[in-house]
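Let's take a friendly walk through this protein, one helix at a time. Have the sequence and the 3D view open side by side as you read.

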Amino acid sequence: MGALERHKATFQRIGNRIAYYRRERRLSQAELAQNIGISVSYMSKIERADLESFAVITLLDIADALGVPPRALLAEDDF
């Protein structure tokens, strides 16, 4: 697996975890996006892994808004 494929898989895993924790907390994408000051479109792209990158601070803000440690979004194991 090349670097591009690994990065895409990582972003997909992160996006899936964000969506999981967001739904578990009964938040819409719009509510989460508003809580951290980003657009709904950008939040959607993060969850769908439709980005080549995004800022670490955004990941930290998302984790904080969801009430989970950042490592919960980054973990490589299944949950």
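Helices here are DSSP runs of H or I with at least four residues, numbered from the N terminus. By that rule, Tyr 42 lies in helix 3. Keep in mind that this is a predicted model. Average pLDDT for the protein is 93, and 96% of the residues score at least 70. Among the elements, helix 2 has the highest mean pLDDT (98) and helix 1 the lowest (92).

**Helix 3 and its two faces of interest**

Which residues of helix 3 are buried? They are Met 43, Ser 44, Ile 46 and Glu 47. Looking down the axis of helix 3, these buried residues fall within an arc of 160°, so they line one face of the helix. The cover over them includes helix 1, helix 2 and helix 4. Just after helix 3 comes Ala 49, with a positive phi of about 60°.

Tyr 42 belongs to helix 3 as well, but this residue counts as partly exposed because its relative accessibility is 26%, and the buried class is reserved for values under 20%. Leaving out residues up to four places away in sequence, Tyr 42 touches Leu 51, Ser 53, Phe 54, Ala 55 and Thr 58. Of these partners, Phe 54 is 12 residues away in sequence, with a C-alpha to C-alpha distance of 9.6 Å from Tyr 42.

**Glu 47, a buried acid with partners**

Glu 47 is also found in helix 3. Is Glu 47 buried or exposed? Its relative accessible area is 8%, so Glu 47 is buried. What does the side chain of Glu 47 meet there? One polar contact runs to the side chain of Gln 29, at 2.8 Å. Another partner is Arg 22, which forms a salt bridge with Glu 47. This pair links distant parts of the chain, with Arg 22 in helix 1 and Glu 47 in helix 3, 25 residues apart. Arg 22 is buried too, because its relative accessibility is 7%. Setting aside neighbours within four places in sequence, the contacts of Glu 47 are Gly 15, Asn 16, Ile 18, Ala 19, Arg 22 and Gln 29.

**The salt bridges together**

A search of the whole structure finds 3 salt bridges. Here they are, with the distance between the closest N and O atoms.

| Pair | Closest N and O atoms |
|---|---|
| Arg 22 and Glu 47 | 2.6 Å |
| Glu 24 and Arg 25 | 2.7 Å |
| Asp 50 and Arg 48 | 3.4 Å |

How accessible are the residues in the other two pairs? Glu 24 is partly exposed at 44% relative accessible area, and Arg 25 is partly exposed at 32%. Asp 50 counts as partly exposed, with 44% relative accessibility.

**Helix 4 and what it packs against**

Helix 4 covers residues 56-66, and its buried residues are Thr 58, Leu 59, Ile 62, Ala 63 and Leu 66. Seen down the axis of helix 4, they fall within an arc of 135°, so they line one face of the helix. The general reason is that an α-helix has 3.6 residues a turn, so residues three or four places apart point the same way. On the face turned away from the buried side, helix 4 carries the exposed residues Val 56, Ile 57 and Asp 64.

Which helices do the buried residues of helix 4 pack against? They pack against helix 1 (3-24), helix 2 (29-36), helix 3 (40-48) and helix 5 (70-74). Following helix 4 is Gly 67, whose phi is positive, near 70°.

**Aromatic pairs**

How many aromatic pairs does the structure hold? There are 2. Phe 11 and Phe 54 make a tilted pair, 5.5 Å centre to centre with 45° between the planes. Phe 11 lies in helix 1 and Phe 54 in the loop between helix 3 and helix 4, so this pair ties together parts that are 43 residues apart in sequence. Both Phe 11 and Phe 54 are buried. Tyr 20 and Tyr 21 form an edge-to-face pair, with 5.2 Å between centres and 75° between planes. Tyr 20 is partly exposed, at 36% relative accessible area, whereas Tyr 21 is buried, at 13%.

Methods:
Residues are numbered from 1 along each chain as its sequence is written. This is a predicted model: local features need pLDDT of at least 70, side-chain atom pairs count only at pLDDT 80 or more; totals for chains, interfaces and linings use all residues. Side-chain values use heavy atoms; hydrogens and water are left out. Buried means under 20% relative accessible area, exposed over 50%, partly exposed in between (1.4 Å probe, protein chains only). The arc is that of the directions from the helix axis to the C-beta atoms. Contact means heavy atoms within 4.5 Å. A polar contact is a pair of N or O atoms within 3.5 Å; within protein, one must be able to donate a hydrogen and the other to accept it, and residues adjacent in sequence count only if both atoms are side-chain atoms. pLDDT is the predictor's confidence in each residue, from 0 to 100. A salt bridge is a side-chain nitrogen of Lys or Arg within 4 Å of a carboxyl oxygen of Asp or Glu. Rings of Phe, Tyr and Trp (its six-membered ring) pair if their centres lie within 6.5 Å; planes under 30 degrees apart count as stacked, over 60 as edge-to-face and the rest as tilted.
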